[in-house]
Each structure stands twice: as C-alpha cells, then as structure tokens.
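Got the viewer open? Let's take a short walk through part of this structure, one selection at a time.

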Amino acid sequence: MSTATDYAVESSEFTASYKPSDITGNYKGTMVVICIDPRVNSFVNSVLPYTVVARNAGGLSKSAVRDIVVSQEIGVRDVAVIHHTDCGMTHFSSESLRQKIKQDNPDDSVVAKLVDEMDFDHIEDLEVSVKSDVKYLKEHALVKKETKITGWIYDIKTGKITRVD
C-alpha cells in the first residue's frame, strides 16, 4: 500500500519530465461517467485523454449528477455512461454488502444505521443498468435537454466498447 511519502517520491519522478497538457483544439465538450476500477485506466487514458471524467463505484449516473451539472457550465454537451464487464458492483447485492460491513463493525450502532440508510446500487445486468442510467440522465431536470447522452459497455478482457442505449 502506498503512503504519503511514496506519493512524494513518485511525484518528484513524474515532475522531472512533466509537460502540462495543452487541451487547446482537443477538448470536445465530452464527459464520461465510468467506474473507479483501475482496470479501466488504460482505456480512459488512451481513448479519452481530453475528456472530463467522473468516476464512481460502478460508473453510475446517480452518483455523477453533481459532476455533470457542474461540467455543463464549462461546455459539456456529450455524456457517455460506460459500465464494464466483471465490475465489482455485479458481484454482490446491496444487502450482502450491508451485512459484510456490519460484520466488520460489530456492535457499532452508528455504522449499522448509516449502512442501512445507504443504497449501494449494485448491478445485476450491465446492459439494463446502462440503459437505466441513460434514461435517468435524460429525464433529470438538471441535465440540459440539449446534452447528448449515450450508453456503453467496455469489455476489460478485449478492450472493445459497445454502444447499448
């Protein structure tokens, strides 16, 4: 596990050859909502270098609305919701995660109360989840009506991305 000291060393190595990004002419007003899973990093860095990226567990729209609303004020008019294969959010239910957290924090009534109030929005079916997220954003009152919203599934084994909306 990294520590703050490790970050300082890594940063000094990084800054030795650092050149700030010039997005002039490259920024297209696009935003991607995608998972925090590090297995999608190569896709994000290679395919989407000049894209605004909102990341959360599962790449879920509900968790990204605030970012989308703010990003619209800097010209974002194209939002791609991307979920990926073998996502951790497909490997448990909200209830099983609640139970696990409670087991990890026995006799902690504050944790139990907070976790019972939280919806972890697990994913049962990737395609259904993407379509639901796209619909959610298209109907959200704070998302500008002229914003183009599309849905995609990224295959972490092949690198292929498929439109599903």
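What follows is a tour of some paired strands in a predicted model.

**Stop 1: strand β3.** Select residues 78-84, which make up β3. Is this strand buried or exposed, for the most part? Six of its seven residues are buried, so the rest of the structure largely encloses β3. Keep it highlighted, since the next two stops both start from here.

**Stop 2: over to β1.** Now add residues 30-35, strand β1. β1 and β3 run parallel, and four bridges join them. To see one of these pairings, pick Val32 and look for its bridge partner in β3, Ala80.

**Stop 3: over to β4.** Leave Ala80 selected and bring in residues 148-154, strand β4. Which residue of β4 stands opposite Ala80? That's Thr150. Further along, find His83, which faces Ile153 of β4. How many bridges join β3 and β4? There are seven, and these two strands run parallel as well. β4 is also largely enclosed by the rest of the structure, because five of its seven residues are buried.

**Stop 4: around the hairpin to β5.** Stay on Ile153 and add residues 161-163, strand β5. Ile153 has a bridge partner here too, Thr162. This time the pairing is antiparallel, with three bridges between β4 and β5. Together the two strands form a hairpin, with six residues between them. Finish by clicking on Gly159 in the turn: its phi is positive, at about 85°.

Methods. Residues numbered from 1 in each chain as written. Predicted model: local features only at pLDDT ≥ 70, side-chain atom pairs only at ≥ 80, totals over all residues. Heavy atoms only, no water. Buried < 20%, exposed > 50% of the residue type's maximum accessible area, 1.4 Å probe, protein only. Pairing = 2+ DSSP bridges.
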